[in-house]
Amino acid sequence: MFGSKILEEVSAKIGETIANSPAKDMEKNVKAMLGSAFNKMDLVTREEFDIQQQVLIKTRTKLAELEARLAKLENPQETSGGSENGTEAV
């Protein structure tokens, strides 16, 4: 228990020192510069990216379904099992 209290005190002192030091100001400045640079770029949020990814998956699935349907419509003799002109050999 005594060691735990010392650790908490040391941690608090280090936190105070960092909060009052130039390192904290430098951290704020770097964050501000990065934020400004990211705002100038044409970036999307993770949420927007995930939504677009789901839309793309649905679109690809629908495209595959439509391609299969089109292939069946273009080649009806392959699916019906009949001859090329639609009559069966006698």
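**Note on the predicted four-helix chain**

1. Met26 lies in helix α2, which spans residues 22–40; helices here are DSSP runs of H or I with at least four residues, strands are runs of E with at least two, and both are numbered from the N terminus. Met26 counts as exposed because its relative accessibility is 56%, where exposed means over 50% relative accessible area, buried under 20% and partly exposed in between, with a 1.4 Å probe and protein chains only.

2. The model is predicted, so local features need pLDDT of at least 70 and side-chain atom pairs count only at pLDDT 80 or more, while totals for chains, interfaces and linings use all residues. Residues are numbered from 1 along each chain as its sequence is written, and side-chain values use heavy atoms, with hydrogens and water left out.

3. Met26 belongs to a nonpolar surface patch together with Val30, Met33, Leu34, Phe38, Met41 and Leu43, and the accessible area of this group comes to about 720 Å². Patches take residues with over 30% relative accessible area and no salt bridge, joining nonpolar side chains (Val, Leu, Ile, Met, Phe, Trp, Tyr) within 5 Å and like charges within 9 Å.

4. For the chain as a whole, the elements run α-α-α-α from the N terminus, with zero strands. Buried residues account for 1% of the 90 residues, and carbon and sulfur atoms supply 60% of the roughly stated exposed area of about 8700 Å², which comes from the Shrake-Rupley method with a 1.4 Å probe, only the protein chains shown counting as cover for residues.

5. The count of salt bridges comes to one, a salt bridge being a side-chain nitrogen of Lys or Arg within 4 Å of a carboxyl oxygen of Asp or Glu. Arg46 and Asp50 form this contact at 3.3 Å, N to O.

6. Confidence, given as pLDDT from 0 to 100 for each residue, averages 80 over the chain, and is lowest in helix α4 (residues 76–80), at a mean of 66, and highest in α3, at 96.

Methods:
pLDDT = per-residue confidence, 0-100.
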